[in-house]
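Reader: Before turning to the bench, I would like to go through this structure with you, beginning at the ligand and then moving to charged pairs and the backbone.

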Amino acid sequence: MSSSPSYEALKARYEAANQGHLLSFYSSLPPSDQASLLQQLADLDVERVNRIYVKAIESEQGITPKNSPRLKKTTLVETGTLERVRRERSESLSERELEGGVNALSFSEFGTKSTPTTTTEESVVVQVKEVAESFGAKLLNGVGALVGTITGTSSSSSPATNNHSSSSSPVKATIDESNGLLTTPSPTPPPHVDESDDIEPLPASCAASVLTSPSLTASWRTTGLEAIAQSQVAVLLMAGGQGTRLGSSAPKGCFDIGLPSSKTLFQYQAERIRRLEEVARKEVGGEKGKKATITWFVMTSGPTRVETEAFFREKNFFGLQEKDVIFFEQGVLPCLSESGKILLSSTSSIALAPDGNGGVYSALRRPLSPTDSRTVVGIIAERKIEYIHAYGVDNCLVRVADPTFVGYCITQKAECGAKVVPKTVPTESVGVVARKGGAFGVVEYTELPKAKAEQRDANGELSFRAANIANHFYTTTFLNEIDSFEPLMAFHIARKKIPTVDLETGAALAPSSPNGMKLEMFVFDVFPFTETLAVLEVERVEEFSPLKNGKGSSSDNQETSRRDLLAQQKRWIEAVGATVETGEDVEISPLVSYAGEGLEALKGFVFKKGGAVESLDKEALSSFA
Ligand code: UD1
């Protein structure tokens, strides 16, 4: 927070940035509100906000491809930054390859790479073939590398500069370099620019599937468990979103989807962590296996932090140690009008909104709170955490710290990874992992042209079917490197109804249709910067049932979440030779089983009554007989 902001200096600065309207009501405010407004203006980097606006609008209008503009040749030449970043990172990757044998085969290398010379290489190449074959049968076509390398090919202009060709779009948003003034574009919707040729399906080669590789899946799981047993794995929960589509402003993790136990999403995730620590200790921790710790980083936002922390405290951290649950907060950005003006939420406050789940990366480096100067990256280093599994809060089936996914990414020596499920219908509201502008990325359903969404391959399957389920993997090394290219990451526009004030009268306005935009970064927008991306396809019924919509909606709501979780647990029960009588709902506590393991004691048991199974003791089970 800056000290003693001066009215005159701020007025001059904001007027120069074409945002002087924020002081429209200053003279009529009481002194405390005047001080508060000045502080907000002093704390805001208004020139950065203007730059972000221009970049987001240009990207949306297709002035430059919105998918990975920083990988374009001219961007590299103009900024020099990414070129350096990628060169340095590429060199370090080569060193790692030399040290570790075959670990990150590039697309161009696969199939032409000379015969491996070490045992490690041989075993990996065998896996490469098996994976490519198995995955090709499911999601994708063709053969190639197990882990892809990104290359920039286009020569479009950079969005970070204003040197684009005017023929690219009839509407331009620019900042006059001489005075910093924002030249606003027309508020009419941007023209349609067909970028569909820029988007290609994911090559078969960069992914694997648990659906068709049972033996590999088991070995990935063991690798993941070994890392967990050594406390090298942490989880990063993205819980900064508000459940607006759910019709609730409470943090989504506090939601009870109506299970027999009434456990919330947060409790399920916490108990899965506890169980997995135990599974790792028992299965691979050796006889004297010491307790494994999975550190849980919980990213909140302004609107969710207080309630989230209070909920964890009230529930005694669901049995986890308080020191292993670390809260931090993503940043905010001002809400803007269509023409780039910062909106006021009242005569003395700026309208702010969370900066999207991609805000996670800068948040990792900020102090955890005003009273705790530690940072997430600092704690990761201190605890010697090597791998991070990041996930969204709203998926009741999420396999927190999934050893299979973590082990798969470790095996591939990937610095970044994504879990996907086969997309069901072209209209499903999920992003797809694909290639955009020659780089890896996620194309959100709002951004995928209809023709592409409906496109089918020779097998009649959706060409773009690698549905992103917001489960990502990073090595600590990669997370630490994001700092160097984060300023080049994309911003996305979400048009919303934003409560504001009439700039003439100061009267509150509650719009009934979108009147402005929130600017967001997306968590997967680091993908275009990865040297290696590992994609793992998993089974939807086992791993993905998100809570997005309100009760009674047609999909992804609390009824479907409850149904899918209970159906999964019934499958687990039946898999060990037990039965559930028709009409009964039996819930298996995550403390009893993480992913269906450890239920053999139920063999032959008949659940005549439903309820939540918290233990497999005879006495506990007797209440279900
Ligand atoms: C997200 C994915 C989408 C995927 C879908 C699967 C992103 C940008 N999109 O879409 O590709 O197919 O999940 O369910 O990830 N969050 C924050 N801070 C924010 C906004 C969101 O922490 O400012 C968190 C949410 O709490 C949630 C996760 O990010 O845990 C995903 O956000 P959500 O808004 O639900 O994304 P979707 O649009 O559903």
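Author: For the ligand shell, Ala, Val, Leu, Ile, Met, Phe, Trp, Tyr, Cys and Pro count as nonpolar, Asp, Glu, Lys and Arg as charged, and the others, Gly among them, as polar. This is a predicted model, in which local features need pLDDT of at least 70 and side-chain atom pairs count only at pLDDT 80 or more, while totals for chains, interfaces and linings use all residues. Residues are numbered from 1 along each chain as its sequence is written, and side-chain values use heavy atoms, with hydrogens and water left out.

Reader: How many nonpolar residues does the shell around the ligand have?

Author: A residue is near the ligand if one of its heavy atoms lies within 4 Å of it, and 24 residues surround the ligand in this way, the closest being Met238, Gly240, Gln330, Asn468 and Lys548. By class, the shell holds four charged residues, eight polar ones and, as the value you ask for, 12 nonpolar.

Reader: Which residue has a side-chain N or O atom 2.5 Å from an oxygen atom of the ligand?

Author: A polar contact is a pair of N or O atoms within 3.5 Å; within protein, one must be able to donate a hydrogen and the other to accept it, and residues adjacent in sequence count only if both atoms are side-chain atoms. Glycine 431 places a backbone N or O atom 2.9 Å from a ligand oxygen, and the side chain of glutamate 444 has an N or O atom 2.7 Å from a ligand nitrogen. The side-chain contact at 2.5 Å from a ligand oxygen belongs to lysine 548.

Reader: Where in the chain does glutamate 338, the partner of arginine 495, lie?

Author: A salt bridge is a side-chain nitrogen of Lys or Arg within 4 Å of a carboxyl oxygen of Asp or Glu, and the side chains of arginine 495 and glutamate 338 form one at 2.7 Å, N to O. Helices (H or I, at least four residues) and strands (E, at least two) are DSSP runs, numbered from the N terminus. The two residues are 157 apart, with arginine 495 in strand E17 (residues 492-496) and glutamate 338 in the loop between strand E8 (332-334) and strand E9 (344-346).

Reader: Is arginine 399 buried or exposed?

Author: Glutamate 542 forms a salt bridge with arginine 399, and their closest N and O atoms are 3.5 Å apart. Buried means under 20% relative accessible area, exposed over 50%, and partly exposed in between (1.4 Å probe, protein chains only). Glutamate 542, at 14% relative accessibility, falls under that limit, and because arginine 399 has a relative accessible area of 15%, arginine 399 is buried.

Reader: How many disulfides does a search of the whole structure find?

Author: A disulfide is a pair of cysteine sulfur atoms within 2.5 Å. Cysteine 335 is buried at 2% relative accessibility, and cysteine 396 is buried at 4%. Across the whole structure, the number of disulfides found is zero.

Reader: What is the phi of alanine 401?

Author: Most residues other than glycine have a negative phi. Alanine 401, located in the loop between E12 and H12, is buried with a relative accessible area of 0%. Although alanine 401 is not a glycine, its phi is positive, at about 60 degrees.
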